[in-house]
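The following note sets out several points on the model for a colleague's consideration. Each point is kept to a short paragraph.

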Amino acid sequence: MKQLTKKEILFFGFTLFSMLFGAGNLIFPAYLGNAAGDNVWQAVTGFIISDAGLAILGFIAIANAGTSDILANRVHSTFAFLFPLAIYLAIGPGLAIPRAGSLAYEMGIKPFLPNTGAVSSMGLLVFTIIFFSIVFWFAKSPSKLVDRVGKILTPILLILIFTVFVKSLFMDAVQLKTAASPYKENPVIRGFLDGYQTMDGLCAFIYGIIFTNLFTVKKITNRSKQIKYLISFGLISGILLSICYIIIAYLGTKAMIPGTVDHGAVVLSIVMTQLLGTSGTILLAVLFSVACLSVCIGLVTSCAQYFTTVFSKISYIQWVLLLCVTSGVVANLGLSQILKISVPILGFLYPIAITLMILGILHSWLPSYSRPVYVITISMVGLFSFLEIINSTIFNGEFNPYLLWIPLQTDGFGWITIAGIGFVLGSIAGNITEHRTYKHSLKNL
């Protein structure tokens, strides 16, 4: 029976970590650490649960179902096509890949260029061409992903992070400032919501296809072993992510910044300058470049593999090229424009994804006729999330007084209440259908 060695399991776990750990995983915990102040550890706990916890949850759910496609088909075949497609477009060329490419330029190259609009625009264009050419080279051979990412980029990334951490231990102690709102009132909840921005919970859905294909290459067909390996990969990457978030949040608390800043990139830049002077800017540039490169390679690879299965007339290599070109074009819109649309998109996709993960894990405890549970629960959560987005973007929160009547909505988790109602209604419908089917079968005896 074919099986992976302990060394291979470790490298697969490192590869998953490297594909998940992008620029957002650097800037969001850094900002959290600085803004949360004396509530930093409560906030980073919520962040870890939302980010690493949901990523592990997603891998367990997919492992339990077999593939993300099987899991989504439990709702409906149309949903199984549209929802993964929405995730791949959002996490792929529509948002995450261009965001990583643009942020790599903002932190890795722009600080060393003259501060003029024309130079900056041309610099971004040249950088994205070079950056996505490197991504194309890595992603064109997915079977070599473990060797190229797990054995090369991941160790570099971890060494850089731990080098900065060790250096920070020799800094003078900085008194933690009072937490800023909303970290002052609800640090754990705020940290949990911040974890959405990294998109790692959604990535768990799309990265599953890479490891499914790798099992095929390794000729590992035993179902229980595949589940065991997927859970192991998720746990290894989750532990590494958690350690990095604790370190980066700690670094954020070290930044001596009066008041607050707009994003974590500024926090990291100040910390690196305090730690290492001018050379800190260079190290930060390398750190962002490696992190962004790692996540872009993983995203392009998984997106290309997915689109090849859905639209098979275009080859894998052609999809990789198309994704790199499209992402490069979108990246040239600039980081601020890309980030502007991320919050509503993620606010819609995340509740649906989390609900589907939980249902996937609870599947064996659901009624034998479980489709009503999936259909009603997911439909209600999706509709509620859509109405929330419409309310916040088009109506500027005009309907907030009505939505706040829903339990947990004050903390941003009203969809959990809706999911609970949908689950109960779906379970009742499933049991009724199961009972009718049983009675019908008895009549036919």
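In which loop is the place of Leu-333?

1. Leu-333 is placed in the loop that runs between α14 and α15, the latter covering 335-340. As this is a predicted model, the remarks below concern computed values. Leu-333 has a relative accessibility of 58% and therefore counts as exposed, the cut-off being over 50%. The C-alpha atom of Leu-333 is 8.9 Å from that of Pro-98, although 235 residues separate the two along the chain.

2. Helix α14, which precedes this loop, spans residues 316-331 and has 16 residues. From its first C-alpha to its last, α14 reaches 22 Å, close to the 22 Å expected at 1.5 Å a residue. The buried residues of α14 are Tyr-316, Trp-319, Val-320, Leu-323, Cys-324, Ser-327, Gly-328 and Ala-331. Because they cover an arc of only 160° around the axis, they lie on the same side of α14.

3. The packing of α3 with α9 deserves a separate description. Two packed helices are described by the angle between their axes and by the distance between the axes. For α3 (residues 40-65) and α9 (residues 187-195), the angle is about 35° and the axes are 6 Å apart. The crossing in which α3 passes α9 is right-handed.

4. Which residues of α3 and α9 meet? On the α3 side they are Gln-42, Ala-43, Gly-46, Phe-47, Ile-49, Ser-50, Asp-51 and Leu-54. On the α9 side they are Pro-187, Val-188, Gly-191, Phe-192, Asp-194 and Gly-195. Sorted by class, this contact of α3 with α9 comprises 7 nonpolar, 5 polar and 2 charged residues.

5. The burial of α9 may be read alongside that contact. Pro-187, Gly-191, Phe-192, Leu-193, Asp-194 and Gly-195 are buried in α9. The buried residues of α9 pack against α3, and also against α2 (24-36) and α16 (342-361).

6. In the loop between α8 and α9 lies Pro-182. The peptide bond leading from Ser-181 to Pro-182 is cis, and its omega is near 5°.

7. Ser-168 and Leu-251 are best taken together. Ser-168 has its place in helix α8 (residues 145-168), whereas Leu-251 has its place in helix α11. Is Ser-168 buried or exposed? Ser-168 has a relative accessible area of 0% and so is buried, the limit being under 20%. Leu-251, at 5% relative accessibility, likewise counts as buried.

8. With neighbours within four places in sequence left aside, Ser-168 is in contact with Tyr-250, Leu-251, Lys-254 and Leu-275. On the same basis, Leu-251 touches Val-164, Ser-168, Val-271 and Leu-275. Leu-275 thus appears among the contacts of Ser-168 and among those of Leu-251. In contrast to these contacts, Leu-251 and Ala-104 have C-alpha atoms separated by 20 Å, and they are 147 residues apart along the chain.

9. Two further residues of α11 may be compared by burial. Helix α11 covers residues 223-254 and contains Gln-226; Ile-227 also lies in α11. Gln-226 has a relative accessible area of 16% and is therefore buried, the limit being under 20%. Ile-227, at 23% relative accessibility, counts as partly exposed.

10. Which residues does Gln-226 contact, apart from its neighbours within four places in sequence? They are Phe-215, Ile-220 and Thr-221. For Ile-227, the C-alpha atom is 9.0 Å in space from that of Phe-59, while the two residues are 168 residues apart in sequence.

11. Two backbone conformations merit inspection. Lys-219 has phi near 60°, a positive value in a residue other than glycine. Lys-219 lies in the loop between α10 (200-218) and α11, and is exposed, with a relative accessible area of 58%.

12. The other positive phi concerns Leu-408, a residue other than glycine, for which the value is near 75°. Leu-408 lies in the loop between α18 (400-403) and α19 (414-443). With a relative accessible area of 44%, Leu-408 is partly exposed.

Technical notes: Residues numbered from 1 in each chain as written. Predicted model: local features only at pLDDT ≥ 70, side-chain atom pairs only at ≥ 80, totals over all residues. Heavy atoms only, no water. Axes fitted to C-alpha atoms, helices over the stretch in contact; angles between N-to-C directions. Helix = DSSP H or I, 4+ residues; strand = E, 2+ residues; numbered from the N terminus. Left-handed = near helix turned anticlockwise from the far one by under 90°. Contact = heavy atoms within 4.5 Å. Nonpolar A, V, L, I, M, F, W, Y, C, P; charged D, E, K, R; others polar. Expected span 1.5 Å × (residues − 1). Buried < 20%, exposed > 50% of the residue type's maximum accessible area, 1.4 Å probe, protein only. Arc of directions from axis to C-beta.
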